[in-house]
Amino acid sequence: MMSRISDVPKTTAVEDKKVIEIAKAENLITGYREHVRFIHEKRREILKESESVQGKLFDTEIKLRRMYEELQRLDSNELVTTKVWSMDKFRKYLPQSESFRITSEWPIAEFTKWDDGHLQWVYFNVQRYSISGEVKGKFMRGLYAKVAIKVRKQDIHGSEIRSLRRHISEIQGHVILLKKELDTADKNLQGLGTEITLYQRYINERQATIIQIRDSLASVELRK
């Protein structure tokens, strides 16, 4: 009879200890869930910011592509006729000669020279930025000679090409920065995802501990 009475306080102490363990585990679970809630909020913030950066990157890459297209259009070896000198006379039939000089703002890449076969080119001098000469013949009505200057498209648009290249370089740098932002955000999201998984494991472990303690307490109650 005495032994049974001495067992009662011991059983109560064990039960009290287990109740305290349950309370501790529940407090830990509450703390872990608060951390998980905070991490989810942080993830939402990062995702929202990433969407904004993605939009900026999309717009910037479109702008960059258009600038490349414009650069390709301007920075071309295509020849463009910029100036034409022609000799056409509406005079009576008599000996005639005429000198000419045509200049170019850009280096002359090519030229075309034409005549009707009834005149003589006394001289024809081609320089980097000019063509000069003299024709001689007997002229009446009609077109007798023509000289056309051709320059490269890239020379005509030299200043625009340099400006475009400068802007392209700046935008490329901006694209690199935006991509770095996205890469950093992705790594942060992965890290936060790992944290959530870890905290969820802690929560599961504590919940399993609580179940075990409660099962143990139920067994004690049954033995009473």
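**Figure 1. Y32 and Y199 are both buried.** In this predicted model, the rings of Y32 and Y199 make a tilted aromatic pair, with 5.8 Å from centre to centre and 45° between the planes. The pair joins distant parts of the chain, since Y32 belongs to helix α1 and Y199 to helix α3, with their positions 167 residues apart. It is one of eight aromatic pairs in the structure.

**Figure 2. The largest nonpolar core comprises 16 residues.** I22, I39, I46, Y199 and I210 have the most contacts inside this core. Helices α1 (2-74) and α3 (158-223) each contribute at least two residues to the core. Helix α3 provides the largest share, nine residues. In soluble globular proteins, nonpolar side chains tend to be buried together.

**Figure 3. The surroundings of I46 include A185, N188, L189 and L192.** These four residues are the contacts of I46 once its neighbours within four places in sequence are left aside. I46 is also among the residues with the most contacts inside the largest nonpolar core.

**Figure 4. A second core, of 14 residues, lies apart from the largest one.** Its members include W85, F100, I102 and L119. Two of the residues named here, W85 and F100, also belong to an aromatic cluster together with F111, W121 and F124.

**Figure 5. F111 and F124 form a tilted aromatic pair.** The ring centres are 5.4 Å apart and the planes meet at 45°, so the pair counts as tilted. F111 lies in strand β2 (residues 110-115) and F124 in strand β3 (residues 119-126), 13 residues apart. F111 is partly exposed because its relative accessible area is 33%. F124 is likewise partly exposed, with a relative accessible area of 23%.

**Figure 6. K113 lies over the faces of two aromatic rings, that of W121 and that of F124.** The distance from K113 to the ring centre is 4.9 Å for W121 and 4.4 Å for F124. Both W121 and F124 are members of the aromatic cluster that also contains W85, F100 and F111.

**Figure 7. T197 is an exposed residue of helix α3.** The relative accessible area of T197 is 54%, and T197 therefore counts as exposed. Its side chain reaches the backbone oxygen of G193 at 3.0 Å. The C-alpha atoms of T197 and V36 are 9.1 Å from each other, although 161 residues separate the two along the chain.

**Figure 8. The protein chain contains three helices and four strands.** From the N terminus on, the order of the elements is α-β-β-β-β-α-α. Of the 224 residues, 29% are classed as buried. Among contacts with a separation of 6 or more, 82% are between residues 24 or more positions apart.

**Figure 9. Confidence in the predicted model has a mean pLDDT of 86 over the protein chain.** A pLDDT of 70 or more is reached by 86% of the residues. Among the elements, strand β1 (residues 79-103) has the lowest mean pLDDT, 81, and helix α2 (residues 153-156) the highest, 94. Over residues 1-8 pLDDT stays under 50, and the model has zero contacts beyond four places in sequence for this stretch. Where pLDDT is low, the predicted coordinates should not be read in detail.

Terms used:
Residues numbered from 1 in each chain as written. Predicted model: local features only at pLDDT ≥ 70, side-chain atom pairs only at ≥ 80, totals over all residues. Heavy atoms only, no water. Core = buried A, V, L, I, M, F, W, Y, C linked by side-chain atoms within 4.5 Å. Buried < 20%, exposed > 50% of the residue type's maximum accessible area, 1.4 Å probe, protein only. Contact = heavy atoms within 4.5 Å. Phe/Tyr/Trp six-rings, centres within 6.5 Å; stacked < 30°, edge-to-face > 60°. Lys NZ or Arg CZ within 6 Å of the ring centre and 35° of its normal. pLDDT = per-residue confidence, 0-100. Polar contact = N/O pair within 3.5 Å; in protein donor to acceptor, adjacent residues only side chain to side chain.
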